[in-house]
Amino acid sequence: MNRKELIDNIKRKKSFLCVGLDTDINKIPGHLSDGGGDPVFEFNKAIIDATADYCIAYKLNTAFYECLGVDGWASLGKTVDYIRSGYPDQFVIADAKRGDIGNTSMMYAKTFFGEMNFDALTVTPYMGKDSVTPFLNYEGKWVIVLALTSNAGSNDFQLAEDSQGERLFEKVIRASQKWGDADNTMYVVGATQGKTFADIRRIAPDSFLLVPGIGEQGGSLEEVCRYGMNDNCGLVVNSSRAIIYAGNGEDYAIEAGNAASAVQKEMQSYLSKKRFN
């Protein structure tokens, strides 16, 4: 999916919501496991059907699938195929945080872009340019560079300043903009970072930001939009647990749809204030 298609979807759906399919087999409704089969995929399928009208993207954190071994990888693949076949307008993100020496990154890129047909992949940039650029060789695919995260440990390194007062996350964004551009590179910025979004926009005014951390993690959608939204929206805001686990009974998918709809309506109000249409 290219930049224009992503922006058009945001305009059409009046939403920049990404639903995180971080599916924990220990948290899904028990009745899904009673019949055998693939309960993770069955859960995902129902969540997708219930939320697709309200979101423009799905993010699959691969850890929740890798921990189940071969079965988990099968569930992951089936989920991506289901989105592709039933909801081809969705932007599909692999949250895998890959990044290694060049030839290894080439294999990761082949896995997620060549074989599994994701639109985007989260990448750790801390091994430098040669660990990131192999992911940029796929036309129409996106690299989402970890910049500033929501976890408490982000203070350990990401906010460290050099002798000129430049913080490490700022250095990462400046450097990586020379490797890619606003058509193929996004940045992960946690929703709890508040006014720091304004600092990021001074460095990367046109780039899309993938923003986790609203909902269960306590990030403010209002602050994210106030400081992070640009003229093309420029935001893909993820919510995982608050949507997919909104209900835990047989009506879990209906509850997930209701939760996604509520977020979409809030997003629509911010887009209207920005006169983004």
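Here are a few friendly notes on some helices of this predicted model.

1. Let's start with helix 13, which covers residues 252-273. How far apart are its end C-alpha atoms? They are 32 Å apart, and this agrees with expectation because 22 residues at 1.5 Å a residue should span 32 Å.

2. Now look at which parts of helix 13 are hidden. Its buried residues are Tyr252, Ala253, Ala256, Gly257, Ala259, Ala260, Ser261, Val263, Gln264, Met267, Tyr270 and Leu271. Move just past the end of helix 13 and you meet Arg275, which has a positive phi of about 55 degrees.

3. Helix 3 can be checked in a similar way. It has 13 residues, 39-51, and the distance from its first C-alpha to its last is 18 Å, close to the 18 Å expected at 1.5 Å a residue. Buried in helix 3 are Pro39, Val40, Phe41, Phe43, Asn44, Ile47, Ile48 and Thr51.

4. Next comes a pair of helices. Helix 9 (residues 168-176) and helix 10 (residues 196-203) have axes that come within 10 Å and cross at roughly 30 degrees. Angles under 35 degrees count as roughly parallel, so helix 9 and helix 10 are roughly parallel to each other. Their crossing is right-handed.

5. Which residues make the contact between helix 9 and helix 10? Helix 9 contributes Phe169, Glu170, Ile173 and Arg174, while helix 10 brings Thr196, Asp199, Ile200 and Ile203. Sorted by character, the residues of this contact are four nonpolar, three charged and one polar.

Terms used. Residues numbered from 1 in each chain as written. Predicted model: local features only at pLDDT ≥ 70, side-chain atom pairs only at ≥ 80, totals over all residues. Heavy atoms only, no water. Helix = DSSP H or I, 4+ residues; strand = E, 2+ residues; numbered from the N terminus. Expected span 1.5 Å × (residues − 1). Buried < 20%, exposed > 50% of the residue type's maximum accessible area, 1.4 Å probe, protein only. Axes fitted to C-alpha atoms, helices over the stretch in contact; angles between N-to-C directions. Parallel < 35°, antiparallel > 145°, perpendicular 65-115°, else oblique. Left-handed = near helix turned anticlockwise from the far one by under 90°. Contact = heavy atoms within 4.5 Å. Nonpolar A, V, L, I, M, F, W, Y, C, P; charged D, E, K, R; others polar.
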